[in-house]
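Reader: I am new to reading protein models. Could you show me the structure and explain the words people use for it?

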Amino acid sequence: MRIGIDVGGTHTDAVLVDGDNVISSTKALTSADVTSGILEALESILSDSGVQEDSIEAVMLGTTQFTNAVIERKKLSEVAAIRIGLPSGAGLPPKIGWPEDISHSLGDHGYMVHGGTLYDGRPLAELDWSEINKVIADIKSKNLNTVAISAAFSPMTPQPELDVAAQLRREIPGVNITCSHSLGRLGLLERENAALLNASLLKLADSVVSAFADALRQRGLKCRFFVSQNDGTLMDAEFVRQFPALTFASGPTNSLRGACKLTGLNDAIVVDLGGTTADIGILQGGFPRESNIVIDVGGVRTNFRMPDILSLGLGGGSLVTDEGRSIGPKSVGHNLVTQGLAFGGSVLTATDLLVAAGRATVGPNQCPVTLPPQTIENGLNTIASMLNNGIEKMMPSSDPMPVILVGGGAILVADKLEVASKMYCPEHSGVANAIGAAIAQIGGEVESLVCYQDMPREQAIKKMSDEAISTAINAGANPKTIRIADIEETTISYMAEGTTRLRIKAVGDIPSQGKGAAV
Amino acid sequence: MKKLGSESLADLSIGAVFLATGGGGDPYVAELITKAALDKFGPVDLIDPDDLADDAFIVALGGVGAPTVSLELLPSINDAVDTLRAFEDRFGKKIDAVVSFEVGGANSLIPIIAAAGMSIPVVDGDGMGRALPEAQMMTYPIYGVLPTPAVTTDYRGGITEFHTKNILEFEPEIRQCALSSGGMITSAEHPMTGKQLKASIVPRTITFSVELGRILREGRGNAHKIFEPLQKLFANSIYGGIHHLYTGKVVDSSTKIIGGYDIGEATIASFDGARPPLKISIKNEYLLAKINGKTVTSVPDLITVLDYETSTPINAERLRFGQRVTVYGIGCPAFYRTEKALNFVAPRCFGFDFDYQPIESLISSASPT
């Protein structure tokens, strides 16, 4: 049996699953210290199910703590940034274009040195060790022990970053390092930003992992635990300590994966309706489709691997105005349960439209809601057209796809949406995110710029698939269960014909510990 | 003389994306480096072509290569200045002003960096008034300005000289040089006198692009509401009028790399399905728009696609199924409608079986919008 926990901004959800069956689930408010909310949720599902602690095989945690630290500029460490790329990029120092407050949080420690490679693998410049040693001496003199390293074309040729990292470790024992190539993706400035944000979270990651381990121990759970990443796969405690930023947007990802599990559909649209937003994502081969564009995290441009999510300002608590012709983006959020008409409050929300239409009942008192028929009709039409238009923007083609509704606000959808081939609103959809965490697998991903004229397509895919598989095995996946989950090809313009950005992802189950049912 | 400072860069950039008609790439990195240059050296003088002396010496400057490469091989603040200095050293000529290849995309910004670093003016205008994929399509060579002597510099300051007089030999030579020098180079080429420049330039497109960007920023919102201000702006410009071609959603969009270019087609269907769909042919830029098999706008006239909700211009590589868009067609600057220019930029130069007709005549004979 496994436990999945998803810590969101408002709710901490938890489920206990045995194979495909949900044994127990709970939805609690997220506590200020996070840990006590997690303990409460654990207590609730364990006592509710009567399951013995030692029959729990693993605990999976999805958490928004690292995203929040960046957005709130809290608990971030100062970081030295070393970019290996001169003579290119002079005048564009690390952290260029960052908002002042977060740039300040990380301190003024940007360095640029010679080195890196070109698109064809030839050196851009040789590493200059006297230059690098001077930088390291300066970092040492500032007593900094966290460093982000980036280099031109490092996703294809990581060696310059690795060489500088090794030298840093020799000179500053115990230094925390994030190399940009380990976060993937072409786009030096954005990848460097990703490495900087990740490095700034390393200390926090250490304390979050320790606190979670303590919480499990306190509750008598001696099993292993994992943290979910934003591609729907897991990382173990050691990996989170190195790559906390890979948790960014793991919440929506877990919802998508949970929707996949609950319906058995591998290719579908998933709409996660909350109190304030409707998050629309696409399941492709059972995993979220990833975004290819630059993503803004707390005002910083990054190219993190993130799920492609379209957020609409439409949720259960969204305010209804103009006789139902306009809904959202303002919302009463989680105060819906006190302020909504159906809960005895005085604010007209999207939920009230459904209650007034007789399509839903909510709240302990089930307050009747009476609205002019025209407002109800307009309102339901507005909800449907917002969702239809949003879903259309995300669809890969005009072929209708199944739509899965999850989240607490799923009641907003009264009828089949025009763009859907079929609608699903499975049982336990309110805690789909925690289920997504509970069923997550271990993955490995590689990306590279390849030229099919130099290496035939099949051969390139085979070579990189093997690399992805060994990455997944190194991350702890059971070799027997590994499969290639996704192959993405993007052609590049103005370059030699056949030049393609190839990205391959492999996934596998966590190894069974010999007891309990493997999911 | 007008000044151009870093406060105008965001507007210039967004205007440049509009005029890039789907090509030109993401100007973000170019905008950052230009801002760094203007912050360091102060605002540049933006000189009107008419204010240049007939015997002034001007060089065109810009990047040549794959925009994707400059995501990793970042530009340096010195690239642009070093290229102009190399030109002066090699050919013993003092450069009085610098001018842009094309206003569309990142190449609108590179001459500004050089002008800032050299303390010389940048000319208000460019050699395309839009974006186009090849050097021989610029107004300078079409008018008769020779591409050389020219110099390029690469990321490590490596200098290459070019001396071919034939633009059709120059284009592949310089592209090959870019590929073997890391994928992106800076080129100073098409040296010309003030007199030649005045006869060949698409004038005042930098000022125009800033103004266009300002309107798009201030009027951010539904594309129909922005049409009137845009109409006024284009009516008083070197461009022809702006025409609404279509509003609808993208129902198909696919591009393939053929011979180093992004080639493909996008189909846009009206929201209510009442009108037949609009099809746009793409070769890096949006080149040809058809309804019912009938061409409604073709290159060298401009086709631009805006997000219907926000009026943000959308690049061809970002066009995706389900996007709600508004498509505008714009008459090109008069220079491109001459027979001489059409030899280089007519639809047939891009492989389309269609003789150029101005947008005004195509629209008036098409069904009303």
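Author: Gladly! Two strands pair if DSSP finds at least two bridges between them. Keep in mind that this is a predicted model. In strand 6 of chain A, for example, His114(A) is the bridge partner of Leu86(A).

Reader: How do you know that strand 5 of chain A and strand 6 of chain A pair?

Author: Pairing needs at least two bridges. Strand 5 (residues 80-86) and strand 6 of chain A share five bridges, in the parallel sense, so they count as a pair by that definition.

Reader: What makes strand 6 and strand 8 of chain A edge strands?

Author: Each of them pairs on one side only. They belong to an open sheet of four strands in chain A, with the order 6-5-7-8 and parallel pairing. Strand 6 covers 110-114 and strand 8 covers 176-179. From one strand to the next, the twist averages 20°.

Reader: Which helices of chain A lie across strands of this sheet?

Author: Helix 4 (residues 129-141) of chain A lies across strand 5, strand 6 and strand 7 (146-151). Helix 5 (residues 159-171) of chain A lies across strand 5, strand 7 and strand 8.

Reader: What angle does helix 4 of chain A make with strand 6 of chain A, and what is that called?

Author: The angle is about 165°. Angles over 145 degrees count as roughly antiparallel, so that word fits here. Helix 5 of chain A runs at about 155° to strand 7 of chain A, and the same cut-off of 145 therefore makes this roughly antiparallel too.

Reader: Why is helix 2 of chain B called roughly parallel to helix 4 of chain B?

Author: Helix 2 (residues 28-41) and helix 4 (residues 110-118) of chain B pack at an angle of about 20°, with their axes 9 Å apart. The limit for roughly parallel is under 35 degrees, so helix 2 of chain B earns that description. Their crossing is left-handed.

Reader: Which residues meet there, and how do they divide by class?

Author: From helix 2 of chain B come Ala30(B), Ile33(B), Thr34(B), Ala37(B), Leu38(B) and Phe41(B); from helix 4 of chain B come Ile110(B), Ile112(B), Ile113(B), Ala116(B) and Gly117(B). Nine are nonpolar, two are polar and none is charged.

Reader: How many residues does each chain bring to the contact between chain A and chain B?

Author: Chain B brings 33 residues and chain A brings 32. On the side of chain B, helix 2, strand 10 (242-258) and strand 11 (261-269) each supply at least two residues. That side has 16 nonpolar, twelve polar and five charged residues.

Methods:
Residues numbered from 1 in each chain as written. Chains lettered and ligands numbered in written order. Predicted model: local features only at pLDDT ≥ 70, side-chain atom pairs only at ≥ 80, totals over all residues. Axes fitted to C-alpha atoms, helices over the stretch in contact; angles between N-to-C directions. Parallel < 35°, antiparallel > 145°, perpendicular 65-115°, else oblique. Left-handed = near helix turned anticlockwise from the far one by under 90°. Contact = placed C-beta atoms within 7 Å. Nonpolar A, V, L, I, M, F, W, Y, C, P; charged D, E, K, R; others polar.
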